[in-house]
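User: I'm new to this structure and would like a close look at just one part. Could you walk me through the sheet and whatever lies against it?

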Amino acid sequence: MRAARLIKMVLLLQSRPTMTAAELARELEVSERTVTRDAQALSEAGVPVYAERGRAGGYRLVGGYRTRLTGLARGEAEALFLSGVPRALREMGLEDAASAARLKVSAALLPSLRDASRTAAQRFHLDAPNWFREPETPELLPAVADAVWDDRRVAARYRRGTDEVVRELDPYGLVLKAGVWYVCARVAGAAGDGPFRVYRIDRFTAVDAGEERFTRDDGFDLPSFWAERAEQFARSILRAEVVVRLSERGVRALPYAVDALAAREALAAAGAPDAEGRLTVTLPVESEEVAHTQLRALGPEVEVLAPATLRVRFARDARRLAGLYGD
């Protein structure tokens with residue numbers, strides 16, 4: 001533990017001209033007295049650390065000293081590529097690895113570039129969860145993340161409806177979608193062309209990662225797989241159709257009210273506008289109930305033609321609105 005702290009102290013001093021005892025104590029999460037003892041230990045070990053007194057004083061390294069401890073470990077290098085996603089790093093238990101990696105990179109940079117991490121953080125931040133939803137970190141996410149990084153097979157128990165199912169999984173990759181964590185995995189022992197599946201991590205009730213490792217399929221590409229699976233999922237839930245007439249404003253607003261891909265394809269397949277400038281569109285939807293909720297956002301810019309039951313719903317809405325605003 002102390003050895004890691006001493007290395008971190010050297011890297012901090014190498015990346016900055018001078019640091020006070022208070023600054024080092026804050027970065028290392030120790031007392032100033034411990035900082036003093038650590039600086040003495042480094043000096044006795046041959047690291048040229050010295051302290052300057054006064055208002056502009058602090059700890060520093062003798063000019064030109066460079067440590068050779070800046071090589072990135074695999075875990076640190078992998079975490080570094082995710083360093084623009086701080087919340088995700090914390091949830092996966094990789095924050096410490098990312099912090100060490102950033103320190104090593106800062107120590108290896110030219111002095112003129114050592115503020116790169118600060119300037120980047122001021123210019124880019126990813127806030128993944130949806131608005132008005134407080135995301136909950138799945139309790140078992142760190143265990144799943146460890147298995148993903150190490151290519152370790154896991155015995156997982158997860159909820160499927162009202163039942164619990166046990167599977168041995170080869171976890172290939174993690175995806176954070178709108179604040180929800182998923183793991184893309186293949187059932188252990190499946191043939192080389194066995195299907196990959198997607199599991200919500202908050203539905204796992206137990207995860208046991210042993211020492212057995214699986215051999216990754218080099219042809220698996222996580223971004224491509226997720227994009228394809230997400231499109232398949234979006235299409236799979238669009239099991240019904242409605243026919244609507246849209247005003248010009250309704251045409252522009254439709255992709256924001258319903259599934260955007262379904263809206264674009266439906267508009268592309270539509271014919272020419274009628275004499276009133278309205279466009280008749282056959283739109284795939286999840287259900288009549290969902291279509292009723294979504295299309296209400298378009299107000300008078302949409303007229304439902306079919307099915308008749310949905311048209312009756314909108315006629316009922318129109319009468320209620322007329323009763324409220326008729327005067």
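Analyst: Start with strands β4 (residues 163–177) and β5 (residues 180–187), which pair in the antiparallel sense over eight bridges. If you want a spot to look at, find G173: it stands opposite C184 in β5. Keep in mind that this is a predicted model.

Now zoom out a bit. β4 and β5 belong to an open sheet of five strands, and the order is β6-β5-β4-β3-β7, with antiparallel pairing. At the edges you'll find β6 (196–200) and β7 (204–213), each of which pairs on one side only. The sheet isn't flat, either: on average, neighbouring strands are turned by 45° against each other, ignoring direction.

Next, the helices. Helix α8 (residues 141–150) lies across β3 (152–160), β4, β5 and β7, and α8 runs at about 70° to β4. Helix α9 (residues 222–236) lies across β4, β5 and β6, and its angle to β6 is about 75°. So β4 and β5 have both helices lying across them.

Then there's the nonpolar side of things. The largest nonpolar core has 21 residues, and V242, V244, L246, L254, V281, L283 and L295 have the most contacts inside it. Its largest share, four residues, comes from β9. A second, separate core has 19 residues, including V148, L174, Y199 and I201. Of these, V148 falls within α8 (residues 141–150), L174 within β4 (residues 163–177) and Y199 within β6 (196–200), which brings us back to the sheet and its helices.

Conventions
Residues numbered from 1 in each chain as written. Predicted model: local features only at pLDDT ≥ 70, side-chain atom pairs only at ≥ 80, totals over all residues. Heavy atoms only, no water. Core = buried A, V, L, I, M, F, W, Y, C linked by side-chain atoms within 4.5 Å. Buried < 20%, exposed > 50% of the residue type's maximum accessible area, 1.4 Å probe, protein only. Helix = DSSP H or I, 4+ residues; strand = E, 2+ residues; numbered from the N terminus. Pairing = 2+ DSSP bridges. Axes fitted to C-alpha atoms, helices over the stretch in contact; angles between N-to-C directions. Contact = heavy atoms within 4.5 Å.
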